[in-house]
Structure formats: structure tokens, C-alpha cells
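Student: Can we walk through this one together? I'd like the contacts, briskly.

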Amino acid sequence: MMLVAGIDIGSLTAKALILEDSKIRAYAIIPTGVDSEGTSKKVMNSALERAELSLEDLEYVVSTGYGRVIVPFANKNITEISCHAKGAVFLFPSVRTILDMGGQDCKAIRCDASGKVQNFAMNDKCAAGTGRFFEIIAETMELPLEELGGLSLEAMSAAKISSACVVFAKSEVLALLRKGVDKKNILAGINEAVALRVFALLNRVGIEKDFAITGGIAKNVGVVRKVEEKVGLKALIAEEPQIVGALGAALFAKEALEQV
Amino acid sequence: MIAHYGYADGSGEYYLIVDTDRCDGCGRCVEVCPNDILELAPDDYGKTVVRVKDEFVNSIGYICPACKRRDERCESVCEHAALSYTW
């Protein structure tokens with residue numbers, strides 16, 4: 001039996017996943033605190049507890065994500081781009097294009113059948129289409145974050161939002177709310193603006209089927225539908241889209257052990 | 001692997017693109033960069049290739065277009081045509 005783990009320290013959430021041979025044994029997701037090192041220990045312990053294991057039982061740990069270099073118990077760190085590709089292809093072997101919509105950035109990745117990255121582009125300068133963007137929209141509209149996607153699908157028509165920039169979008173949303181525009185229509189407009197933006201990122205790397213969306217925003221069904229419309233392909237989405245990066249990291253850990 | 005370093009914003013697309021299959025890690029581009037934004041480092045699959053240093057990825061649009069007027073720039077000195085840009 002081979003026990004390895006992947007740990008993904010994202011900008012908003014930290015994920016740890018334990019792999020037993022090729023099976024997911026346990027995982028945990030917690031918010032990333034200001035103390036990244038402490039966060040890495042906390043999320044790993046939480047996954048270990050669920051798996052009824054201790055850190056010593058793990059033969060290899062690969063870290064990934066924005067905070068990957070500060071994980072004290074990692075044997076190796078790998079970029080989240082390679083990890084998302086690896087994880088997505090493991091879950092859906094036919095996937096060649098991945099859109100990762102994370103807490104503070106978006107990445108478009110094209111990969112081969114083994115999950116090796118062929119082409120990637122990311123945008124972490126702009127918050128459009130990120131978790132933080134939708135948190136701010138939810139706050140501005142006084143709606144629970146989890147309900148944004150479902151509500152947007154009930155829109156009669158999409159309100160015109162001219163900017164996917166969170167600073168401008170927020171003021172546009174406020175102006176629309178004051179005019180009495182239905183929140184559902186505003187949400188549909190937001191999703192349209194975001195979808196256009198990520199579609200441009202996807203076109204940079206070229207879209208090849210099958211197509212998957214990973215990261216927390218994959219849970220927003222409204223965004224997913226709009227992106228699918230633009231791309232012209234149905235998006236494959238993991239049962240828990242937030243752990244795909246950690247899964248990829250764990251798979252790299254497994255490979256590293258097998259190479260020895 | 002084609003690696004896009006940079007971003008798109010309201011004013012345009014600013015990507016420095018590295019074809020890591022073409023790059024042989026010679027480092028001529030790193031030497032010629034007047035702003036020292038490039039480095040050689042192993043990628044996730046173990047090949048040493050050129051990349052944009054993390055701290056400069058989000059300011060490429062302010063730094064790099066100025067090199068258009070120079071004869072010797074990262075992309076022009078590369079013998080393998082491994083670098084390209086979008087501005």
C-alpha cells in the first residue's frame with residue numbers, strides 16, 4: 001500500500017488530499033489564514049484525521065498553489081497549473097482543456113492524454129471570474145454566495161454589465177440595484193461579462209475537447225452555463241471541484257515514489 | 001509546452017510566450033534583458049528553461065513594450081525562436 005498526499009495552498013482556501021495507491025482516501029478544505037505555514041499544518045492534520053493516519057504514514061508529499069513554497073513538510077513543490085491538468089485528466093481521461101477558476105486567479109490550460117501541460121495562460125492581475133469577485137458581488141447584493149448561480153438561471157434577461165473588473169462591476173451593480181433592476185437579471189449580466197473574459201483566456205491556449213472547469217467557481221452553475229455557451233462544449237465538473245489541484249499534487253507524489 | 005507569462009487588461013494583451021520545447025536553456029535572453037525579469041529554472045517536468053520571474057509577471061505591460069525599439073532583445077537573440085510576445 002502506497003500512501004502519499006497533495007496539498008494545495010490557494011489564495012482563499014487550502015486543500016489537502018491523501019491518496020492510497022490510486023484511490024482518494026480522504027481530503028479536507030479550510031480557509032487560508034494569514035499564517036500560511038500554520039494553515040498548511042492545519043489542513044493536512046484535518047485530512048490525516050479523516051484518514052485515521054499520521055504525517056509519518058505518508059511516504060511523499062507534494063505541495064502546490066500560491067503558497068506552495070511555505071509548506072514545511074512537503075518533499076517537492078509543483079505549480080498549480082501542472083497539478084490541475086494532472087488531477088483533471090485523472091478524473092476525466094478525455095479532458096484536454098481545463099479552466100481553473102480559483103479564489104484570486106483564473107487559468108486556462110491545455111494538456112495531453114497523460115495530463116502533461118501543452119499550453120497555459122493565467123490571469124492573476126485581474127479578479128474577474130475569481131472567488132473573490134463573486135464574494136464581493138454577493139456582499140454588494142446582500143445574497144448568500146451559494147445562491148448566486150441558481151438565482152442567475154431564473155433571470156428573464158441579462159442586465160448589461162460593461163466591465164468584468166470587480167471595482168467597476170460593483171459600482172455598476174449598485175447603480176442597477178438603485179434603478180430597481182431584478183437581482184437575477186443583474187447576476188445573469190455579471191456571469192455573461194465573466195464568461196466573455198475567461199473565454200478570451202481560453203482562446204489564448206486554444207480549446208480542444210473535452211473541457212473541464214475546476215476550482216470553487218465550478219460550483220456556480222450560472223457561470224458554468226454561460227462559459228459552456230461561449231465554448232460550445234459541456235463542462236465536465238468534479239464532484240468536489242476545489243480538490244483537483246491537491247489531487248494532481250498527490251498524483252505527482254505517487255509518480256515521484258514510483259520513479260525511485 | 002507553451003507558457004504564457006503576463007495578463008490581459010482593458011488596454012490590451014501583454015503576454016511573453018515561451019515555447020519550452022524549443023528553449024534549450026542557453027540563457028542568452030536572460031543576459032540581454034535590461035530589466036532582469038527573466039531567469040532559468042527547471043519546469044515541473046524537470047527541464048531547465050527560461051521563465052519570467054514571478055514578481056514581474058503582472059508588470060510585463062509596463063516593462064517589456066519599451067524593448068521593441070532595441071535590436072537585442074530576448075526574442076530577437078534567441079536562436080531557436082522560443083520566445084514571442086503579443087504587444
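**Contacts in the model**

Tutor: Lys226(A) forms a salt bridge with Glu192(A), with the closest N and O atoms 3.5 Å apart. A salt bridge here is a side-chain nitrogen of Lys or Arg within 4 Å of a carboxyl oxygen of Asp or Glu. This is a predicted model: local features need pLDDT of at least 70, side-chain atom pairs count only at pLDDT 80 or more, and totals for chains, interfaces and linings use all residues. Residues are numbered from 1 along each chain as its sequence is written, chains are lettered from A and ligands numbered from 1 in the order in which they are written, and side-chain values use heavy atoms, leaving out hydrogens and water.

Student: Where do Lys226(A) and Glu192(A) sit in the chain?

Tutor: Lys226(A) is in helix H7 (residues 221-231) of chain A, and Glu192(A) is in helix H6 (residues 183-205) of chain A. They are 34 residues apart, so the pair links distant parts of the chain. Helices (H or I, at least four residues) and strands (E, at least two) are DSSP runs, numbered from the N terminus.

Student: Is Lys226(A) buried or exposed?

Tutor: Lys226(A) counts as buried, at 16% relative accessibility. Glu192(A) is partly exposed, at 24%. Buried means under 20% relative accessible area, exposed over 50%, partly exposed in between (1.4 Å probe, protein chains only).

Student: How many salt bridges are there over all chains?

Tutor: The structure holds 22 over all chains. One of them joins Glu80(A) and Arg68(A), at 3.1 Å, N to O. Glu80(A) is in helix H2 (residues 80-91) of chain A. Arg68(A) is in the loop between strand S4 (60-64) and strand S5 (76-77) of chain A, 12 residues apart from Glu80(A). Both Glu80(A) and Arg68(A) are buried.

Student: And which side chains meet Lys53(B) in a salt bridge?

Tutor: Asp36(B) does, at 3.4 Å, N to O. Lys53(B) lies in the loop between strand S4 (48-52) and helix H2 (60-63) of chain B. Asp36(B) lies in the loop between helix H1 (28-32) and strand S3 (38-42) of chain B. So the pair ties together parts that are 17 residues apart in sequence. Lys53(B) is buried at 16% relative accessibility. Asp36(B) is partly exposed at 44%. Elsewhere, salt bridges that share partners join Asp100(A), Asp105(A) and Lys107(A) into one network.

Student: Switching to the interface. How many residues does the contact take from each chain?

Tutor: It takes 17 residues from chain B and 18 residues from chain A. Contact means heavy atoms within 4.5 Å. The two chains bury about 1,600 Å² between them, 45% of it on carbon and sulfur atoms. Buried area is the accessible area (1.4 Å probe) that two parts lose on being put together, summed over both.

Student: Which three residues supply the most of what chain B buries?

Tutor: His4(B), Asp44(B) and Tyr45(B) supply 41% of the area that chain B buries against chain A, more than any other three residues.

Student: What about charge pairs between the chains?

Tutor: The count is 1 salt bridge between chain B and chain A. Glu13(B) pairs with Arg204(A), the closest N and O atoms being 3.0 Å apart.

Student: Which elements of chain B give two or more residues to that side?

Tutor: S1 and strand S2 (12-19) of chain B. S1(B) gives the most, with 8 residues.

Student: Now rings. How many aromatic pairs are there?

Tutor: A search of the whole structure finds 5 over all chains. Among them, Phe120(A) and Tyr5(B) are edge-to-face, 6.0 Å centre to centre, with 90 degrees between the planes. Rings of Phe, Tyr and Trp (its six-membered ring) pair if their centres lie within 6.5 Å; planes under 30 degrees apart count as stacked, over 60 as edge-to-face and the rest as tilted.

Student: Where are those two?

Tutor: The pair crosses between chains. Phe120(A) is in strand S8 (residues 117-123) of chain A, and Tyr5(B) is in strand S1 (residues 2-9) of chain B. Phe120(A) is buried at 7% relative accessibility, and Tyr5(B) is buried at 12%.
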